[in-house]
Amino acid sequence: MTTKIVIGLDGTETGERAIAFAKDLAKLIGACELLVVYVIEWSPFTFQTPEENALRHKRREEEVTLATNRIVTPAVEALKAEGFTAQGIVRHGDVAETLNAITVENGGTQIIVGRASADGFKKRLFGSSTQNLVMHADVPVTVVN
């Protein structure tokens, strides 16, 4: 049986630390698949004009392509070059909910993310994606500093 570990990336160096931790863990486990995930954050508090709504689908596709090409594909290719089994996923949504959903959909057994700090106002207004993930995930979550 292959263990599946989900690595949540955010495009910063914290994601690199999460990948490093996941690689160490995968080496210990043996038969392991790494799922590299990037979630493009959205906010229910964003208001759009009708013109913006008309362009929304195209913009979402462009964002997915950009995130795939700049963040996920390079990470997956580097993992494969080192001999790991890996695949990448990019989606729009709430970070915590989407990471958890992807993990459950793919039979993941653990989520690994890097710790990122939001500024005080943003954290008070919207909360922390990492905190929400840790509190509500269906599998264990490892937060790498």
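**Figure 1. Helix α1 is followed by Gly30, a residue with a positive phi near 100°.** The model shown here is predicted, so local features are described where pLDDT is at least 70 and side-chain atom pairs where it is 80 or more, whereas totals for chains, interfaces and linings use all residues. Residues are numbered from 1 along each chain as its sequence is written, and side-chain values use heavy atoms, with hydrogens and water left out. Helices (H or I runs in DSSP, at least four residues) and strands (E runs, at least two residues) are numbered from the N terminus. With its 17 residues, α1 spans 24 Å from first to last C-alpha, close to the expected 24 Å at 1.5 Å a residue, where the expectation is 1.5 Å times one less than the number of residues. The buried residues of this helix are Thr14, Gly15, Ala18, Ile19, Ala22, Lys23, Leu25 and Ala26; here buried means under 20% relative accessible area, exposed means over 50%, and partly exposed covers the range in between (1.4 Å probe, protein chains only). An α-helix has 3.6 residues a turn, so residues three or four places apart point the same way.

**Figure 2. The overall arrangement gives the setting for the close-up views.** The protein has five helices and five strands, which follow one another from the N terminus in the order β-α-β-α-β-α-β-α-α-β. Of its 145 residues, 37% count as buried, and the exposed area comes to about 8,700 Å², with carbon and sulfur atoms supplying 54% of that area; the areas come from the Shrake-Rupley method with a 1.4 Å probe, and for residues only the protein chains shown count as cover. Where contacts (heavy atoms within 4.5 Å) join residues at least 6 apart in sequence, 78% of them join residues at least 24 apart.

**Figure 3. The largest nonpolar core has 23 residues.** Such a core is a set of buried Ala, Val, Leu, Ile, Met, Phe, Trp, Tyr and Cys residues joined through side-chain atoms within 4.5 Å. The members that touch the most other members are Ile7, Leu9, Leu34, Val36, Tyr38, Leu79 and Ile112. Two or more residues each are contributed by β1 (3-9), α1 (13-29), β2 (32-41), α2 (50-81) and β3 (85-93). Apart from this core lies another, of 15 residues, including Val39, Leu99, Ile102 and Ala137. If neighbours within four places in sequence are set aside, Leu9 is in contact with Gly15, Ile19, Val36, Val37, Tyr38, Ile71 and Ala75. In soluble globular proteins, nonpolar side chains tend to be buried together.

**Figure 4. Gly93 and Thr103 are both buried residues.** Gly93 belongs to strand β3 and has a relative accessibility of 4%. Its C-alpha atom is separated by 5.5 Å from that of Trp42, although the two residues are 51 apart along the chain. Beyond residues up to four places away in sequence, Gly93 touches Val39, Ile40, Glu41, Trp42 and Thr98. Thr103 sits in helix α3 (residues 95-105), where its relative accessible area is 1%, and apart from neighbours within four places in sequence it is in contact with Val6, Gly108, Ile111 and Val139.

**Figure 5. Among the four salt bridges of the structure are the three shown here, Lys4 with Glu33, Lys23 with Glu82 and Glu105 with Arg91.** A salt bridge is a side-chain nitrogen of Lys or Arg within 4 Å of a carboxyl oxygen of Asp or Glu.

- Lys4 and Glu33 meet at 4.0 Å, N to O; because Lys4 lies in strand β1 and Glu33 in strand β2, the pair ties together parts that are 29 residues apart in sequence. Lys4 is partly exposed at 21%, whereas Glu33 is buried at 14%.
- Lys23 and Glu82 have their closest N and O atoms 3.0 Å apart, and this pair links helix α1 with the loop between α2 and β3, 59 residues away. Lys23 is buried at 18% relative accessibility, while Glu82 is partly exposed at 45%.
- Glu105 and Arg91 meet at 2.7 Å, N to O, and they link helix α3 with strand β3 across 14 residues of the chain. Glu105 is exposed, with a relative accessible area of 52%, and Arg91 is partly exposed, with 29%.
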